[in-house]
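Please open the model in a viewer and keep the selection panel at hand. The stops below are meant to be followed in order.

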Amino acid sequence: MSSIIGFYSLVLSSSLSFLIIFFSIKNFRNSKTLDKRIISLSFLQFFLVLISFLGLIISFINSDFSNETVFNHSHTTKPLFYKISGTWGNHEGSLLLWLLVLTLFIFLFIIKSRQQSTQYRILTLLFQQVIIIGFFVFLLKTSSPFNYIFPVPEEGLGLNPILQDPALAIHPPILYLGYVGSSIIFSSALSAVSLNYITKEWASHIKQWVLLSWIFLTLGILLGSIWAYYELGWGGFWFWDPVENVSLMPWLALTTLIHCILVLEKRLILTSWVVVLSISTFTLSMCGTFLVRSGILNSVHTFANDPERGLFILIFLFTLIFLSLFIFFFFHKKNNKIDNSIFLFSKETSIIINNWFMMYFLSVILIGTVYPIFLDVISSQKISVGPPFYNKLIIPFLIPFLFAMTIGPKLKWIKSDIKDKIYLFLFFLISLFISILIVKNLKINFLLNTILITFSFYLFFITLRDFFIRKNKNLSQIIAHFGFSLFILSILFNNIFTTEIITNLKVGESFVSEKINIKFENLSQTQKQNYKSFIGKFTIENDKGNLEIMEPELRIYNQPNITTSEADIKTNLLSDRFITMNIVQSQDYFNIRYQIKPFMIWIWLSVLLITTGGFLRLTKKI
Amino acid sequence: MKYKIVPFIVTFLFIVSFIFFFKGLKNSNIYIPSNDFEKEIPFFTTRLFNSNIKINSDEIFKNNKYYLMNIWSSWCAPCRDEHQYLMELSKEKNLEIIGLNYKDNTLNAKKFLNELKNPYSNIILDPDGLIAIEWGAYGVPESFLIYDKSIIKKIIGPLNENLVFEINGLIK
């Protein structure tokens, strides 16, 4: 029943798009005030998609297996929480969620943009409706979440156990808020270009949307990363997997956009940057959707390999790209009246430097992600691009990037000189000294690591000083940059100081080395609602004689029949201890992986700090 | 002039990438290892396990002999099971066993060999699993019987008594 309501509500909602477009075009010709009907219709469209989405959730809660999506992705023994999160844990449901957020955001945009010109608001709505229609067609034609199956199956196929995790239950909605927010920026930039409406006022109005999408995108990526760390049991938090890369690319574009918007708001320069970045953020999000949904890449996010779907998104993606190229090249005029001059020592210069570095990082990731697909087409060679590629190309360039990040905010707009800046030099010497002390005794590449750590510390100290000295002046920037320095430092120390032990143990055996003593005490077995659990008990004694009990778990799920390994992770402010246990087939041996990962929690905390910076800026009334 | 050419170049680049993606969609992304027999062995270069000296496949399989290339790893439990059969086969004079140490940690691998003895006349390294992919291997353990640089038999999974008997028959 709920599926039927959901389906018809969706169809009705899609037809509203044409009504909205009709009224908008009518309104666009004689535009003094915005037609009230457009606002009501936009709300109605959102409301109908909401009903449809709730209908799908109810089908999942009731385990209504006459619905194909529910049958494929749910099971009666699944806990209620995961039945609900299963709604968007699959291709069809997640697209419905996309659509829900799309319609919600355009409604919010319309009611929040009262100060802007009516023509601009209507044109943005029209561009947004093009995207919404694209998604409606995609959903109804190739991936309807409300397909009926007869005869009705007794039991569903179940949700992939590795997706049954609290972090992953909220990861997709948060990430979509970010992606869809970028669609508003896209439509708004296109309409502003067409109407020659790029002004300082426009910049401060769209800045709110940029910040909002950026916050959600950052949090979404963070949640995905936390999930990978806790659930996949490899002990890493970022694998340069194509699927991770496609979420990082829009993030880089969006971060660059934030900085450019700030310049535009102050000086009305860098307009081309802003427009191109607004367009590319959303097209990169769509490109990511294409890459993971079409099955052209293989990953957890590839819900189904259906070439028809891939073809649809591909055509849709390139329609949007060519549309925006057309608008950009034909309508975008550089305003020559305005003073374009940029001095060497100014905030503008450092932001442009920042932009170019960001674009470099973006291209490296883009090439690493897309090149294997291109190579496969040209020569049918299969290659896989892994962490070494990204590490080698990205890490050295972090050094000047960090430096620009430290010095840039110190400079003034338009032109500044270097006076009273002796402390900058002093702090640099302190950072250099500390990092030499740290790196000296380690068997790692001395030069690169020293310089990298020096510049990270440099940013760290300078932002820390600013935090205490200039009270509340651009606090958001200071916190975000401080967060970034903390982020780089935690990753560096995490990489340098991680120790790992891999061994095979039987119950009762121990692994003994100079520094550590791992004893496999016992193995207990329990039956849970939808899986069987084996918990191993290990006592770990370090060289200081501290004892710690760790209990990694193996879960054998009944539906689908998959074994997952749940790491046991003990966290404190200084380090994480991470242990996983895996079955070694047909023997009583278990493969044990024990890792000590310093400063792990600071990686998450620093990303939260960076987000806080963005959040402060969003709430600040200007 | 410069301004007019940019749109064309950009548009052209996007058209090219559209074509690539379109073609890429039709390629299957599911990797199916090739299953051909009597096939020439792939050429590769790698390093020796003991001495870390560079070596290529022509040098490894140069003799007029039967070779058994066994893909193994210290973390692979079935490899422990099949080890006794490898030890048995290593007594054959007409057969040389080459070990391909797959995605392994050298220390663990050495420990493994010290514990169970070394049946291999040569061990080569495949730290990232690329050589195994070229050979069309599905996993570990897997063994290939080779003569005159072509694969005569491919054994997926651990060796057992019947397979040892069969190999003995083939190399006589």
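The tour of this predicted model begins with chain A, passes to chain B and ends where the two chains meet.

**Chain A: domains.** Colour chain A by its three ranges: domain 1 covers 1-164, domain 2 combines 172-233, 241-319 and 347-389, and domain 3 spans 499-601. Next, select domain 1 and domain 3 of chain A together; their C-alpha centres are 43 Å apart. Between these two domains, the contact draws eight residues from domain 1 of chain A and nine residues from domain 3 of chain A. On the domain 1 side, the residues divide into four nonpolar, three polar and one charged.

**Chain B: overall form.** Select chain B and display it as a ribbon; six helices and eight strands should appear. Traced along the sequence, the order of elements in chain B is α-β-β-β-α-β-α-β-α-β-α-β-β-α. Switch to the C-alpha trace of chain B, which extends about 75 × 35 × 30 Å along its principal axes. The radius of gyration of chain B is 22 Å, whereas a compact globule of 172 residues would have one near 16 Å. Of the residues of chain B, 29% count as buried. Among contacts in chain B with a separation of 6 or more, 73% join residues 24 or more positions apart.

**Where the chains meet.** Which elements of chain B give two or more residues to the side that touches chain A? Select helix H1 (2-26) and helix H3 (77-89) of chain B. H1(B) supplies the largest share of that side, twelve residues. In total, 20 residues of chain B contact 25 residues of chain A. The chain B side consists of twelve nonpolar, six polar and two charged residues.

Key: Residues are numbered from 1 along each chain as its sequence is written. Chains are lettered from A and ligands numbered from 1 in the order in which they are written. This is a predicted model: local features need pLDDT of at least 70, side-chain atom pairs count only at pLDDT 80 or more; totals for chains, interfaces and linings use all residues. Domain bounds come from an automatic or database domain assignment. Two residues are in contact if their C-beta atoms, placed from the backbone, lie within 7 Å. Ala, Val, Leu, Ile, Met, Phe, Trp, Tyr, Cys and Pro count as nonpolar, Asp, Glu, Lys and Arg as charged, and the others, Gly among them, as polar. Helices (H or I, at least four residues) and strands (E, at least two) are DSSP runs, numbered from the N terminus. The radius of gyration is taken over C-alpha atoms; the globule rule is 2.2 Å times the number of residues to the power 0.38. A residue is buried if 20 or more other C-beta atoms lie within 10 Å of its own, exposed if 12 or fewer, and partly exposed in between; C-beta atoms are placed from the backbone.
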